[in-house]
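Visitor: Please give me a close look at one loop of this structure. I am new to it, and I should be glad if the account then led on to the surroundings in a connected way.

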Amino acid sequence: MKDPLKSAELTNLRNLEELDMGYNGINSIGLSEDIANNMLSGQIPHWIGNFLYLEVLLMSKNHLEGDIPIQLTSLERLEVLDISENRLFGYISSSFSLSSIKHIHMQNNVLTGSIPNVMFRSSRLMTLDLRNNMFSGGIPHQIKEHLDLRVLLLGGNHLQESIPNQLCQLNKLGILDISHNRLNGSIPSCFTNVSFWKVGSDDLYGEQIEYSDEISVGFLGTYYKSRLDLSVDGEMYVAIDQRVRVEFVTKNRHELYNGSNLNYMAGLDLSSNELIGEILYEIGELQAIRGLNLSHNFLSSSIPESFCNMKLIESLDLSYNKLSGEIPP
C-alpha cells in the first residue's frame, strides 16, 4: 500500500461495516474490520468505539499490547470479535459487555484475573475462546444462561475450584476444553444432560444466520466458514470469504474444525487438572462424543463398561491416572 490510511481519516467513517486489509505488511494503522496477520503494534485505539455499525472486528496475529479498551462496548452491533494471538494483558473490565456478540476469540494473550460475569450477558453468545491466558478463579456460574453456547474453550489458564454443574445446562454445547488448569473435585454426572454429546445433531451448526436484510452468513458454526454477500444497488457482490476455525486437540494433534464439519464434531477435554474420584458410568452415555480426554488427573477405580456405548469415539485418552481393573471388552 503506497498511502496507508491515517487514523484520523478512519475515525470519520462512522457508518463503516466492513473493511478488509488483512495479509499485508501493514505496521501502523488505526482500525480495520480485518487487519489480522499484519505487524501492528501498540494498543487497541480507544476511538474504535466510534464505529457504531461495525459487525465484525478481526485483529488477531499482530503485536498489540496493553489492555482491552472499554470503548469496545460501544459497538452495539458487533457480532464477531477476534483479538487473539497478540500481547494483550491485564484484567477484563467488569463493565465489558457486548449485547449482540456471538463469537469472542481472545486466546493466546496474557490476560489475567477472573473471567468477568458480565461477559455472559449476551444471550446470543455461541463461541467463547479464552485459551492460553492467565485467568484465575472459577468458571462463572452465570454461564448457564447461554443456552446457545456451542464451543467453550478455557484450557491453558489457572482456573481453580470444581467444574460447575451449570455447564450441564448448555444443551447445545459441542466442544468443551477446560484442560491444563487446576480444576478439582469430581466429574459432574450431569454431563449427560448435554443433548449434543448424547445424541448429536446434523444441523446444529448449519443454520442460516442473517446479520441484516443485506448481509447473510451461511453455515455459521462455532467458529464458522462463511461468505458475506453485500447487496449494492440491487446486485450481489461477494465481499469476503471468511474461514474462522475451532481448534481442539484430538489424537494428540491440534485439529482445526470449521463450517459444516462442526456438525459432526463433539469433544470433551478435561485433561491436566486435579480431578479425583471414579470415572462415572454416566460418561459412557455420551454416545455422540468423538474425542474424550481425561488424562493427567487423579481419577481412580476401573474403566466403566458403559464406555462400550460410545460408538463414535475416535480418540480416547485415560492415561496418567490411578485406574485399575480390567479394560472393558
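**The loop between β8 and β9, and beyond**

Guide: The loop between β8 and β9 is where N132 is found. The model described here is a predicted one. N132 has a phi near 55 degrees, which is a positive value in a residue other than glycine. Most residues other than glycine have a negative phi. N132 counts as partly exposed because its relative accessibility is 36%, a value that falls between the limits of under 20% for buried and over 50% for exposed.

Another residue of this loop is R131, which forms a salt bridge with E247; the closest N and O atoms are 2.7 Å apart. This pair links distant parts of the chain, as R131 belongs to the loop between β8 (127-129) and β9 (134-137), while E247 belongs to strand β18 (residues 246-250), 116 residues apart. What is the burial of each partner? R131 is buried, because its relative accessible area is 7%. E247, at 24% relative accessibility, counts as partly exposed.

Strand β18, which holds E247, also leads to a pocket. About 410 Å³ of space lies in the second largest pocket. The elements that give two or more residues to its lining are β18, β22 (291-293) and β24 (315-317). Of the elements, β18 gives the most to this lining, with four residues. The lining comprises 24 residues, and those nearest the centre of the pocket are S179, H180, V249, D269 and N293. By class, the lining has 15 polar, six charged and three nonpolar residues.

β22, also named in that lining, is followed here to a further loop. H296 lies in the loop between β22 and β23 (298-301). H296 is not a glycine, yet its phi is positive, at about 55 degrees. At 39% relative accessibility, H296 counts as partly exposed.

To return to the salt bridges, the count by the rule applied here comes to eight. Side chains of opposite charge can pair when their charged atoms come close. One such pair is E65 and R87, whose closest N and O atoms are 3.9 Å apart. E65 lies in strand β3 (residues 63-66) and R87 in strand β5, so the salt bridge ties together parts that are 22 residues apart in sequence. Both partners have intermediate accessibility: E65 is partly exposed, with a relative accessible area of 37%, and R87 is partly exposed, with a value of 43%.

A further salt bridge joins K102 and E79, with 3.7 Å between the closest N and O atoms. This pair, too, links distant parts of the chain: K102 is in the loop between β5 and β6 (103-105), and E79 is in the loop between β3 and β4 (80-82), 23 residues apart. K102 and E79 are both buried. Together with R124, these two residues are linked in a network of salt bridges.

Strand β5 also provides a view of the surface. F89 lies in this strand, which covers residues 87-91. F89 is partly exposed, with a relative accessible area of 44%. With V110 and M134, F89 forms a nonpolar patch on the surface, and the three residues have about 250 Å² of accessible area together.

From the surface, the account turns to enclosed space. Rolling a probe the size of a water molecule over the atoms shows where empty space is left. By the rule used, the count comes to one cavity of 30 Å³ or more. The largest cavity has a volume of about 40 Å³. Which residues line the largest cavity? The lining is formed by F96, S97, L98, I101, I104, V118, M119, R121 and S122. By class, six of these lining residues are nonpolar, two are polar and one is charged.

One last position completes the tour. I44 has its place in the loop between β1 (41-43) and β2 (56-58). Because its relative accessible area is 1%, I44 is buried. The C-alpha atoms of I44 and D67 are separated by 8.0 Å, and these two residues are 23 residues apart along the chain.

Technical notes. Residues are numbered from 1 along each chain as its sequence is written. This is a predicted model: local features need pLDDT of at least 70, side-chain atom pairs count only at pLDDT 80 or more; totals for chains, interfaces and linings use all residues. Side-chain values use heavy atoms; hydrogens and water are left out. On a 1 Å grid over the protein atoms alone, a cavity is a set of points where a 1.4 Å probe fits but cannot get out, and a pocket is an open set with protein on both sides within 12 Å along at least five of seven lines; lining residues have an atom within 4 Å of a point. Grid points are joined across faces, edges and corners, and a volume is the space filled by probe spheres set on the points. Ala, Val, Leu, Ile, Met, Phe, Trp, Tyr, Cys and Pro count as nonpolar, Asp, Glu, Lys and Arg as charged, and the others, Gly among them, as polar. Patches are made of residues with over 30% relative accessible area and no salt bridge: like charges are joined within 9 Å, nonpolar side chains (Val, Leu, Ile, Met, Phe, Trp, Tyr) within 5 Å. Accessible areas come from the Shrake-Rupley method with a 1.4 Å probe; for residues, only the protein chains shown count as cover. A salt bridge is a side-chain nitrogen of Lys or Arg within 4 Å of a carboxyl oxygen of Asp or Glu. Buried means under 20% relative accessible area, exposed over 50%, partly exposed in between (1.4 Å probe, protein chains only).
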